[in-house]
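Please look over the sequence and the model before reading on, and keep both in view while the text moves from the whole chain to single residues.

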Amino acid sequence: CFGFPLSIFFIVINEFCERFSYYGMKAVLTLYFTRFLHWGDNFATAIYHTFVALCYLTPILGAIIADSWLGKFKTILYLSIVYAIGQTVLSVGSINDLTDHNQDGSPDNIAVNIALSVIGLVLIALGTGGIKPCVSAFGGDQFEDDQEKQRSTFFSLFYLSINAGSLLSTLITPTIRASQCGIHTKKECYPLAFGVPAILMAVALVVFVVGSKMYKKVKPQGNIMVEVSKCVGFAIKNRFQHRSKEFPKREHWLDWANEKYDKRLIAQTKMVLRVLFLYIPLPMFWAVFDQQGSRWTLQATAMNGDFGFQIQPDQMQIVNPILIVIMVPVVDSLVYPLIKKCKLNFTPLKKMTVGMFLGSMAFVAAALVQVQIDKTYPVFPAAGQTQIQLINLGVASATVQFQPQLKSVDVGPYKTTGYLTFETSKLKSLDIISASLNKTVPLELLEGERYTLPFKWGPLGIQSDLVWDNITSKPESGKSLVRFINSLDYTVNISMDDMHFGPLDPLSVSNYTDVPKPAWLYTISISKPYFCGDLSKKFGYGGAYTISVHGCVEKKLDIKYFEDMAPNTVHMAWQIPQYFLLTCAEVLFSVTGLEFSYSQAPSNMKSVLQAGWLLTVAVGNIIVIIVAGVSTIKQQWAEYVLFAALLLVVCIIFAIMASFYTYIDPNEIEAQFSKEEKEEDKKDKDNNEKEADSQM
């Protein structure tokens with residue numbers, strides 16, 4: 001078809017579906033941990049990066065299985081089945097109603113959901129990692145030796161399908177996740193957000209199987225990584241056995257493998273190890289880069305995503321692939337030629353150094369954004385403290401004195417004091433004084449909690465009701481919370497669209513409830529003893545509001561808003577500079593790094609370097625796991641600065657290591673070996689002929 005083997009179209013479609021499945025699932029994973037499983041930010045970050053690390057460790061296993069035993073086709077087939085099962089198990093594990101027997105909207109046995117989720121993620125890591133090194137190579141196997149141009153076009157299509165799958169899934173699955181679904185109660189729709197990637201993985205598997213009769217299947221020919229490992233292991237073992245001074249030193253420690261392995265393999269291994277030595281500092285870059293899906297997503301949950309349309313926090317990750325698509329051609333066709341015209345020697349290792357520096361600056365930018373976010377956070381009570389908010393629902397001002405003689409505040413009509421902080425052990429009661437009326441309210445408060453005390457004038461004097469707020473953090477869902485106070489003298493039913501806050505007695509307060517779509521307008525109404533309503537205001541994201549109902553004027557509901565917690569005000573657009581810097585870093589570091597590695601290693605050793613490169617990604621994620629697990633840093637901006645500083649130090653170390661590196665041409669070295677081997681073969685042939693002549 002158009003000069004291409006028909007089989008490669010099945011492989012490209014398979015890769016698109018698989019990448020959609022992987023990136024779509026990964027995009028919503030951090031918020032699934034924090035909002036559904038209710039894990040803390042640090043633990044969620046650690047588990048996220050454990051999963052990513054596994055995804056980059058298993059490709060080595062997949063490559064060995066494919067090259068040594070099963071072959072690429074069977075490896076892709078079997079591990080894709082494992083992959084699809086993992087996606088399905090994860091989707092089932094995210095069903096809210098799975099163990100919600102009392103139908104209150106929360107799983108009664110969260111351990112079941114956690115167990116299924118972990119099993120699903122392990123299977124996905126085995127699947128996606130195991131097939132990662134096989135699919136592109138299997139596609140390359142479909143071409144004949146004289147189809148070099150078509151093979152090159154295939155790889156372009158292949159990587160285009162990866163980017164297309166990543167872009168679309170990062171846009172679509174967070175939108176699905178933000179929708180509401182459920183049998184008994186409506187919650188964020190994680191089952192569908194994971195279910196769509198599971199369906200796409202099943203489609204990928206079906207497409208791959210349909211093309212099975214068209215594939216060229218190359219038999220396993222042994223894995224070069226195993227040979228290199230054996231060669232290195234033998235050299236170390238042999239050197240250790242001959243460590244006494246009576247044995248002469250050899251030029252290189254790998255030369256101790258001469259007794260068992262040929263000179264060409266040893267020379268090729270030396271070339272590879274020179275590059276792998278430069279890989280030692282690289283994990284720090286990946287420790288920074290992969291936090292887009294964890295720390296940066298969590299940062300976005302505390303920001304305002306109103307772009308005229310609502311952007312979800314986990315959708316901000318789409319900025320990276322969009323910028324990659326734009327910047328790779330711009331850098332290749334404009335920036336690099338301009339640098340060359342300026343006669344600057346911008347070598348691959350220098351590009352990687354600049355990339356690491358820009359990665360460090362991206363986290364400085366993230367820290368600056370975090371400082372601005374932290375300024376908008378409410379102050380919650382510390383240990384030994386309690387906070388109390390007074391709401392005056394009456395038409396006259398009042399003075400409230402906190403006893404014993406702590407402080408006094410004036411509260412105007414329909415006004416709130418905001419949250420006032422006291423030492424719990426000292427605050428015993430408060431006096432509400434208005435005109436000739438006076439009321440003492442005894443207080444029994446818990447440490448570390450917030451309370452609200454609404455009060456008003458009734459037939460029997462001042463009425464009040466102390467309410468425990470049960471909220472000491474920003475809303476977990478990232479949405480806004482709303483509750484109602486009945487300021488009327490009779491019981492009313494209060495609704496906000498299809499959300500019902502129940503019959504509320506005079507001065508009673510409903511529980512906080514998530515606003516499903518905080519950017520929407522809702523109809524607030526009372527239906528007992530008569531119907532009356534009005535449109536709400538837009539609540540925004542991350543806020544908490546108390547709404548008091550005061551009556552009905554010409555069928556329009558008289559309501560007052562009290563802001564218990566300010567909504568997110570720092571705009572998500574402020575994350576774009578850090579994404580821009582990190583994408584620039586990726587273009588300079590990742591693209592150049594692979595290109596440099598491949599140019600400095602023999603053709604048959606590419607897979608060894610690929611394994612080494614993937615291993616640096618895995619180790620980078622392990623670094624994040626360690627920092628998230630042991631760090632005592634409580635301020636997120638300080639952690640960003642820590643990572644920026646660590647990457648800057650590693651950048652300097654890498655620059656020093658790179659300055660001592662001498663570029664080589666592996667083809668010349670291999671050509672020299674081929675020439676020497678031919679000469680040796682000729683000598684052996686001549687010697688054999690001479691021996692034959694002498695015997696005659």
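The paragraphs below treat the overall form, then the charged pairs, and then a few places along the backbone.

The model shown here is predicted, and its protein is divided into four stretches by the domain assignment: domain 1 covers 1-222, domain 2 covers 228-255, domain 3 is made of 262-376 + 584-664, and domain 4 covers 387-565. Domain 3 is thus written as two segments of the chain, with the residues of domain 4 numbered between them. The centres of domain 1 and domain 2, taken over C-alpha atoms, are separated by 43 Å, while the C-alpha trace of the protein as a whole spans about 135 × 55 × 50 Å along its principal axes. Within this outline the protein holds 17 helices and 19 strands.

How much of the protein counts as buried? Of its 696 residues, 50% fall into that class, and the surface that the protein exposes amounts to about 32,700 Å², of which carbon and sulfur atoms supply 61%. When contacts between residues at least 6 apart in sequence are considered, 72% of them join residues at least 24 apart.

Charge is the next topic. The protein carries 59 positive and 60 negative side chains, and the centres of these two sets lie 3 Å apart. Side chains of opposite charge can pair when their charged atoms come close. A search of the whole structure finds 13 such salt bridges, and several of them can be followed in the model.

One of these pairs is formed by the side chains of Arg19 and Glu15, which meet with an N to O distance of 4.0 Å. Both residues belong to helix α1, which runs over residues 7-27, and they stand four residues apart, about one turn of the helix. Arg19 is buried, and Glu15 is buried as well.

A second pair joins the side chains of Glu639 and Arg295 in a salt bridge of 2.9 Å, N to O. Because Glu639 lies in helix α16 (residues 636-659) and Arg295 in helix α11 (residues 295-300), this pair ties together parts that are 344 residues apart in sequence. Both ends can be judged by their accessibility, since buried means under 20% relative accessible area: Glu639, at 5%, counts as buried, and Arg295, with a relative accessible area of 3%, is buried too.

Which side chain does Glu423 meet in a salt bridge? The partner is Lys426, at 3.8 Å from N to O. In this pair Glu423 is partly exposed, with a relative accessible area of 43%, and Lys426 counts as partly exposed at 45% relative accessibility. Elsewhere, salt bridges that share partners join Arg35, Arg177, Glu188 and Asp314 into one network.

From the charged pairs the path leads to Phe402, which has its place in strand β4 (residues 398-403). With a relative accessibility of 1%, Phe402 counts as buried. Leaving aside residues up to four places away in sequence, Phe402 touches Ile388, Leu390, Lys407, Val409, Leu420, Phe422, Leu427, Ser429 and Leu430. Tyr56, in contrast, is 346 residues away from Phe402 along the chain, and the C-alpha atoms of the two are separated by 60 Å.

The backbone itself deserves attention at a few points. Most residues other than glycine have a negative phi, and most peptide bonds are trans. The peptide bond from Gln403 to Pro404, however, is cis, with omega near 5°, and Pro404 lies in the loop between β4 and β5, the latter covering 407-411.

Two further residues, neither of them glycine, have a positive phi. For Lys343 the value is near 60°, and this residue lies in the loop between α12 (319-341) and α13 (348-376); at 76% relative accessibility, Lys343 counts as exposed. For Asp497 phi is near 55°, and Asp497 is found in the loop between β13 (492-496) and β14 (499-504). At 39% relative accessibility, Asp497 counts as partly exposed.

Conventions:
Residues numbered from 1 in each chain as written. Predicted model: local features only at pLDDT ≥ 70, side-chain atom pairs only at ≥ 80, totals over all residues. Heavy atoms only, no water. Helix = DSSP H or I, 4+ residues; strand = E, 2+ residues; numbered from the N terminus. Buried < 20%, exposed > 50% of the residue type's maximum accessible area, 1.4 Å probe, protein only. Domains from an automatic or database assignment. Contact = heavy atoms within 4.5 Å. Areas by Shrake-Rupley, 256 points an atom, 1.4 Å probe, with all protein chains shown as cover. Lys, Arg positive; Asp, Glu negative; His and termini not counted. Charge placed at Lys NZ, Arg CZ, Asp CG, Glu CD.
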